[in-house]
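Reader: Please take a close look at one sheet for me. Then show me what is around it, step by step.

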Amino acid sequence: MRLQVLSDRVRTSPATGEVIPRDLPTSEAGRSLESDFGQRPLVRVPRGGVASFQVVVTTEKPSDGSEIALQAGPWQAQGGALDRVSVFYQWPCRLSNEEWTFEGLVPFEVYRAARSAACQEPLGKRSHHAFWVDVPAPREAKPGVYQGSVGVPGAEPLGVEVEVLPIELPLVPRITVDLNSYATHIERHHPGLTGEQLTECETSYYREAHDNRAVLHYLPYGHAGEMARGYAPPLAGRGRNLHVADWTAYDRRFGPLLDGTAMAGSPGGERPIPHWYLPFNFDWPADYAHFGTRGYDHEFAQVLAEFRRHIQERGWTETSFEVFFNHKKRYRYYPYDGDERKHEADRGAFRHYRALVDRAAAMAGPAGARAKIIYRTDISWSFAHDATDDQIGPLYDLWVIGFSNFSWTRQGVEAILERGQKAWWYGGGSGPDGQTTDADRLAVLCWRRGGDGFMPAWLSMAGDAALDRADPLSMLYPGRRFGFDRALGSIRLRRVRSGTETADLLEMLGAEGRALVDRLARARDEDWWTPTPAWALYPPETMNNDMYGSESIANPLAQRDPHTPAVIRERAIDALMEG
Amino acid sequence: MSVLANRRYPQWAPPGTPLTGPLPEEPAARREAVAARLLELARVAMAIVDGDAVRDCLRPASRIEISGDDYEYDADQCNALRRGLLRVERLSDLDVQTGVWRLRPDKPGMADLLLAGMGYPRQFSGWDRYLIPIPAAMQQAFDGQPGTGFSDDGRYCSVLAPVRDSLDDTVGVLELCVALDGEAQPVL
């Protein structure tokens, strides 16, 4: 067997073991970074971060790879060790152009223990097998260079150094990466699980996202308002007597996520999940058959007040609990678009629900004042109007804005930030057919624009088939075929983690960080934004998708070497070390 | 003073058909009993579902082919209709899926789901499946008489009843659908 160590910034071909061409560096700085790594594999990592690299193993005969006894680490320095090393088998996937690359990451011990049938991936036996290695640097790790190696029996081990920096990442990333998904997907991808088994499986998805500094955001209700099992506590009574009947199951299932105990030992930080969709919607807890009455309003506000008090009592005060309406008229249930408002007539509904959110806060009083209940909107068509509107602008605490609208409505984003609200965008993410560092670029772009986060795609949880056939959206996969009813991560999810780390390093530099990014991206301040198209200021009712398709979106990093985010990261580290 | 005869709702189910209660175990008898119960529920629904709201709840521009982004209701009329559908569902101890269908003026022979209750009536509709060729039982309802339809696989029973507005015009068809295979549990 032959071993080769590669950086974490590229994908390789399962057929050749070579780096796929679109990931090759095109600038002097990028080439230098890669060649330096090739000559002396060294990963620099701030405390609280994760050092990653890859190993490509070439076997003498084609195989399924399960016989490769890859050993990695531990990494040791005087007075300490980095011993929580994880090795993942990279699963090959076919792209839409029929090329092959890698995306899903299977814990290698799981892969080796799996039945042989599970290891028969569609590409068949191969000679080139790729592994992903994560070496977390705990916050208490002593700075210095840690020596370690990777190897297989009968082959010369290859040394890899991990330099733990005297820089510590913030516990909460500056940029939130939101992995959106919808009720029932976990049950669908892991049929037959119930009770504790289902909860453990579900928690593994949250944990996989959290370990990579992202947030699994699992919308608990469907378009009619029907609830995923267990995602809302049972209610009793009606009208002024409506109340939560029993919190027991809700607390048992979600409490560990909300108090942070489910994240113990996570390289993404030992902290509660930062964002959580509440079950509140047009038909829960208030009965939509009474919509427009004082009873409906009372039911909504009273139960939300009860949530406030319960959240505070349980100490879940670090998580932002979101009231969000995902309903759309086109699905034939409701006359309002809770999501992506286009019609003027819908504004009244948004104002009304804001009033109910505020009413709940007043009803809860001091006993619920520390609960972070936020009102979220997902918006595109009307963004240029609403963000600066005197009535609509103040309504929301969190704006999740279409990528294009965010890009061409700088004044809107700045108005949000000036009000102390949060601005994320949705979209803009690419699949495994994109460059491996695409997520890094998004994170740096978001930071450079002053945004607070982004949702790369509307659905981040794939089914089993997407392991073999690349899914352009998903970053989480089911491990069921390997006898592992847990979430599998992916290379893109690892890049999310890296990108948010880079954004944190830049944040530490402040203005110097912005200047650094501008210099390396060869961009001026205004180049990070797209000029507002005239039609974006017309009434939203006059807009259509063709208009969106006709606009190109500014992203100076997209025109540069795919390794530019890595160059930015390394230069940021240099600057922080000098400082 | 008694109710004028011309204002009474039509009796469609066999007299004495209950809205709730146990159903026969034997499959054929069970199908027949479910259909009768839905017919009786449809009669009650005529008193609850507002025909004028059915006629008016969709904005004129949305009555023909239109982008989903632009699909738009008159909110008050739509809420009135939705309120009615939700209430009808609660009258039965079966898990009844309700929906109202309308004719598509730009697509002869096709029906479009105007509004659903708590779930799509699954015999003829589903996620993003709103425009369908009009089945025979639904056509019968558009023609003014209730119809009953069983899915080919035997899973669903639907009763389709005409919805009339204040001019006594048939302006839509109410579908009441039940899964016969036990997939949907009684809700009461």
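Author: Start with a term. Two strands pair if DSSP finds at least two bridges between them. Keep in mind, too, that this is a predicted model.

Now the sheet itself. In chain A, eight strands make an open sheet. Read across, the order is β13-β12-β21-β20-β19-β18-β17-β16 (chain A). The pairing is parallel. Which strands sit at the edges? They are β13 (214-219) and β16 (275-277) of chain A, and each pairs on one side only. Neighbours in this sheet are not lined up exactly: on average they are turned by 30° against each other, direction ignored.

Zoom in on one pair. Strand β19 (residues 398-402) and strand β20 (residues 422-426) of chain A run parallel, and five bridges join them. One of the partner pairs is easy to find. Look for A:Leu398, then go across to A:Lys422 in β20(A).

Next, step back to the domains. The domain assignment splits chain A into domain 1 (2-168) and domain 2 (176-518). The C-alpha centres of domain 1 of chain A and domain 2 of chain A are 32 Å apart. The two domains are in contact: domain 1 of chain A brings 31 residues, and domain 2 of chain A brings 27 residues. Which elements of domain 1 of chain A supply at least two residues each to the side that touches domain 2 of chain A? They are β3 (50-63), β7 (86-94), β8 (100-107), α2 (108-113) and β9 (126-136) of chain A. On that side of domain 1 of chain A, β8(A) gives the most, with six residues. Sort the residues of this side by class and you get 16 nonpolar, six polar and nine charged.

Stay in domain 1 of chain A for its strands. Strand β4 (residues 71-72) of chain A runs antiparallel to strand β10 (residues 144-151) of chain A, and two bridges join them. Here A:Gln71 has A:Gly151 in β10(A) as its bridge partner. On to another pair: β10(A) is also joined to strand β11 (residues 158-168) of chain A, in the antiparallel sense, over seven bridges. Find A:Gly144, and opposite is A:Val164 in β11(A). Between β10(A) and β11(A) there are six residues, and the two strands form a hairpin. In the turn, A:Gly154 has a positive phi of about 90°.

Now for the core. In soluble globular proteins, nonpolar side chains tend to be buried together. In this model, the largest nonpolar core has 194 residues. The residues with the most contacts inside that core are A:Phe131, A:Val162, B:Leu38 and B:Val173. Each of domain 1 (2-168) and domain 2 (176-518) of chain A puts at least three residues into this core. Take A:Val162 as a sample. Leaving out residues up to four places away in sequence, A:Val162 touches A:Val43, A:Val45, A:Ala51, A:Trp75, A:Leu82, A:Val135, A:Tyr146 and A:Gly148.

Two of the core residues just named belong to chain B, so where does chain B meet chain A? In the contact, 19 residues of chain B face 16 residues of chain A. On the chain B side, α3 (75-90) and β2 (110-116) of chain B are the elements that give two or more residues. There α3(B) gives the most, with seven residues. The classes on this side of chain B are ten nonpolar, four polar and five charged residues.

Chain B has an open sheet too, with six strands in the order β3-β2-β1-β6-β5-β4 (chain B) and antiparallel pairing. Its edge strands are β3 (131-133) and β4 (147-150) of chain B. Inside it, strand β1 (residues 97-103) of chain B pairs with β2(B) over five bridges. B:Leu103 stands opposite B:Ala111 in β2(B). Helix α1 (residues 27-46) of chain B lies across β4, β5 (156-164) and β6 (170-179) of chain B, at about 20° to β5(B).

One last stop. A:Pro539 is in the loop between α13 (511-521) and α14 (545-549) of chain A. Is A:Pro539 buried or exposed? A:Pro539 counts as exposed because there are 12 C-beta neighbours inside 10 Å.

Key
Residues numbered from 1 in each chain as written. Chains lettered and ligands numbered in written order. Predicted model: local features only at pLDDT ≥ 70, side-chain atom pairs only at ≥ 80, totals over all residues. Domains from an automatic or database assignment. Contact = placed C-beta atoms within 7 Å. Helix = DSSP H or I, 4+ residues; strand = E, 2+ residues; numbered from the N terminus. Nonpolar A, V, L, I, M, F, W, Y, C, P; charged D, E, K, R; others polar. Axes fitted to C-alpha atoms, helices over the stretch in contact; angles between N-to-C directions. Core = buried A, V, L, I, M, F, W, Y, C linked by C-beta atoms within 7 Å. Buried ≥ 20, exposed ≤ 12 C-beta atoms within 10 Å, placed from the backbone.
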